[in-house]
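Please walk through this protein with me, one stop at a time. Keep the sequence and the 3D view at hand.

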Amino acid sequence: MAAYVIPFEQLGMHDVESVGGKNASLGEMIGALTRLGVQVPTGFATSADAYREFLKQGGLDARIRTELQDLNVDDVTRLAATGARIRQWILATPFPPELEQAVLAQLRQMSGGNEIAVAVRSSATAEDLPEASFAGQQETFLNVRGEAGVLRAMHEVFASLFNDRAISYRVHQGFDHAQVALSAGVQHMVRSDLGASGVMFTLDTDSGFRDVVFLTASWGLGETVVQGAVNPDEFYLYKPALRSGRHPVLRRNLGAKALKMVYAPEGSPARVQTVEVGEPERQRFCLNDPDLLMLGRQALLIEEHYGRPMDIEWARDGASGGIYILQARPETVQSRAGRTIQRYALKRRSGVLATGRSIGQRIGAGTARVIRDAGEMARVQSGDVLVADMTDPDWEPVMKRAAAIVTNRGGRTCHAAIIARELGIPAVVGCGDATQRIREGQEVTVSCAEGDTGYVFEGLLEFERRQIELDSLPKLPLKIMMNVGNPDRAFNFAAIPHRGVGLARLEFIINRMIGVHPRALLEFDRLDAPLQQQIRPQMAGYADPVSFYVEKLAEGIAQIAAAFAPEPVIVRLSDFKSNEYANLIGGARYEPQEENPMLGFRGAVRYLDPDFRPCFELECRALKRVREQMGLGNVQVMVPFVRTLTEARQVTELLAANGLKRGQAGLKLIMMCELPTNALLAEEYLQYFDGMSIGSNDMTQLTLGLDRDSALVAGQFDERDPAVRKLLAQAIAACRGAGKYIGICGQGPSDHPDFARWLLEQGIDSLSLNPDTVVETWLFLAQGTPR
């Protein structure tokens, strides 16, 4: 007779048909990866044979088969009634005595005669396969105690194979109900109720970028993260840094973490309960660097063992401090993406109703259906926008009808996010108040095409969709690079064919990710109390104000550099004007009032100023951290707005004094060529720099005497003017004569393909374009280029 119960230690991936993907994977990891340091809680699984024997009792399997015949799963009312009836039949059917005895014998052996807490999980024989995700469709029960409690939970796990969402999903994925069996896994509990838990993917879930581990974390048991009940902390770890022993943390985002799931008090009818998280815990990250390092290394071991991108649940035991892997399954969406990318763009914007975390990069529009609970799901019709507090697997039968999904709660690995990715529809999660701000029946447009932040706009807005075949782009005699300012878009942009980043702007990082004037952070202890209170939420989770500035700036730079590695990423030092710096928190205290900031206190002269120099040195610290501690030596440094040869000498000396010496560890210093003096004296400036990057906006402004911010003269602004071209040709010739790099990162080639072709004819090394114009400009240039 086949075994009814099998310890995890005796299982491997060859046992999927017997114990399902989840339990087989647990056994595989215990057998193959424990010796490498991957800790997996032990336990046992019931077999598919045990499940089938159970269904034979009283002809239960035949009754289920008859009940499911000709069921239209899109009729959610009938689906709910059918599912409830089948589950009731299963719960009313006792386990065969042999199965019950086998389970209890294994449980006693596992507990050593003591009462222990276990998790009882479901593992379907068709789940966790590379081509399908059965995310959370069957039940999991946590903090289960006592023999009767374990048997009751196993009964409910068996019944959960016929949850409404599981029935619907199998029909839509083409799985025969009778061919899917269920295995119950009984596993030692990790005391993450006293610690933290979450999910990690061995790729970026939105872009499919493979060189990162994306990790989410929240306090307490992991169900809140999986269900989307909390907005968790998020981290990106860089795989090459993990492998080489460098600092791997590319990015941290502090989540609200308002709730946590913990054990219910003894004697309570519930096994677990959800409680509010105190403010001090909300304001700090769940994981420190050693925790992240351990999790990242375990993720790499698991991915390397399975040979594919993985979706992994983990927990940190608050009592022992140990980190455990609870399950691992193949990632099923981005790992199947091909060599085609789709780009969406709104043609216009309207009023913003809600914002949250964007899932994917698509746009959807329709009539909002504000659904308060699962009983109202039938109101969602094809093409509607589903708006809810959060979703769980019970909602799946109607989620596939939606043009977009919007939730109050959840992070990028919550249930709504996972299903939206699989269905290929946009979702905006973690909005906080979407169900209050969006009216039932209101026409809305949901855009995930704006970066990390997703928007819900009023009305049905027009948008365009383009499909790009990446393998169809012809070769060019110059390098196409990109201008990138928003680190959140870097992984997506890196999928477009490129030779690196010709302009990585620090302004977006300082403005959006930091938001505080650097002098206010340097002088934090001397600020008045109201200003300190305004700044504290910005720097929550970081050790002190200066560390916040340096680390956050380094994170933004590193995310762009990692996305495009090993190609060069030319990072322009901050080029805020005084009025722009004044708009940062605390900035008005430190910035001068200038009549024309465009021509005032900006660029190299600012870095050399004694009052601003300490701020500039923080930028240098961030760049050194990225290059040296994180190993991203593809970062090059670009100095903007250099007015004189004296400034050129002084600023390169200042960089060297701060550990950014030209030529050291392969560091290249590039100068923005954006003033007529830079072109006229190009050969002299090149004594201090390894090349030039043309800034066509300022070069045009200063050559033609036009204020580019003035609408009165905007019509005369044209980078193709003969005077501008003459200066640019002079700069290109000087760089080529010196054997040094010459590129352009200004707006001109993105706006004017004919200007791009002229630059190609002049012998420029690279064009750095806005990402949305790369393909069009590439194809335009190829038309007149010999193959």
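What follows is a tour of cores, helices and a few unusual loop residues. Bear in mind that this is a predicted model.

Begin with the nonpolar interior. The largest nonpolar core has 158 residues. Inside it, the residues with the most contacts are Leu250, Ile302, Ile535, Phe564 and Leu767. Helix H19, residues 545–564, gives the most to this core, with 13 residues. A second, separate core has 44 residues. Among them are Ala48, Leu79, Val157 and Leu161.

Now pick out isoleucine 302. Which residues does isoleucine 302 touch, leaving aside neighbours within four places in sequence? They are Met29, Leu33, Val38, Met310, Ile312, Ile325 and Ala328.

Move on to helix H19. Alanine 563 lies in this helix. Is alanine 563 buried or exposed? Its relative accessible area is 5%, and buried means under 20%, so alanine 563 is buried. Leaving aside neighbours within four places in sequence, alanine 563 is in contact with Phe209, Ala490, Phe491 and Ala494. Proline 94 makes a useful distance marker. Alanine 563 and proline 94 are 469 residues apart along the chain, and their C-alpha atoms are separated by 55 Å.

Next comes the loop between H19 and strand E25 (569–572), where proline 566 has its place. The peptide bond from alanine 565 to proline 566 is cis, with omega near 5 degrees. Why point this out? Most peptide bonds are trans, and most residues other than glycine have a negative phi.

Two other loop residues have a positive phi. Phenylalanine 641 sits in the loop between strand E26 (635–639) and helix H23 (645–657). Its phi is near 50 degrees, and phenylalanine 641 is not a glycine. Alanine 665 is in the loop between H23 and strand E27 (669–673). Phi of alanine 665 is about 55 degrees, again in a residue that is not a glycine. Check their surroundings too. Phenylalanine 641 has a relative accessible area of 1%, so it is buried. Alanine 665 reaches 69%, and exposed means over 50%, so alanine 665 counts as exposed.

Turn to helix H5, residues 97–111, which holds leucine 99. Leucine 99 is buried, because its relative accessible area is 1%. Leaving aside neighbours within four places in sequence, leucine 99 is in contact with Tyr4, Thr46, Ala50 and Phe158. From leucine 99 to tyrosine 236 is 137 residues in sequence and 45 Å in space, C-alpha to C-alpha.

Phe158 leads to helix H6, where it is one of the buried residues. The others are Gly149, Val150, Leu151, Ala153, Met154, His155, Val157 and Ala159. How far should the 13 residues of H6, 147–159, span at 1.5 Å a residue? The expected span is 18 Å, and the end C-alpha atoms are 19 Å apart, so the two agree.

Finish with a pair of helices. The axes of helix H27 (residues 722–738) and helix H29 (residues 753–762) come within 10 Å and cross at roughly 35 degrees. The crossing of H27 and H29 is right-handed. H27 makes the contact with Arg725, Leu728, Ala729, Ile732 and Arg736, and H29 with Phe755, Trp758, Leu759 and Gln762. These contact residues divide into six nonpolar, one polar and two charged. Try to find the spacing of such residues along a helix. An α-helix has 3.6 residues a turn, so residues three or four places apart point the same way.

Key:
Residues are numbered from 1 along each chain as its sequence is written. This is a predicted model: local features need pLDDT of at least 70, side-chain atom pairs count only at pLDDT 80 or more; totals for chains, interfaces and linings use all residues. Side-chain values use heavy atoms; hydrogens and water are left out. Helices (H or I, at least four residues) and strands (E, at least two) are DSSP runs, numbered from the N terminus. The expected span of a helix is 1.5 Å times one less than its number of residues. Buried means under 20% relative accessible area, exposed over 50%, partly exposed in between (1.4 Å probe, protein chains only). Axes are lines fitted to C-alpha atoms, for helices over the stretch in contact, and angles run from 0 to 180 degrees between N-to-C directions. A crossing is left-handed if the near helix is turned anticlockwise from the far one by less than a right angle, and right-handed if clockwise. Contact means heavy atoms within 4.5 Å. Ala, Val, Leu, Ile, Met, Phe, Trp, Tyr, Cys and Pro count as nonpolar, Asp, Glu, Lys and Arg as charged, and the others, Gly among them, as polar. A nonpolar core is a set of buried Ala, Val, Leu, Ile, Met, Phe, Trp, Tyr and Cys residues joined through side-chain atoms within 4.5 Å.
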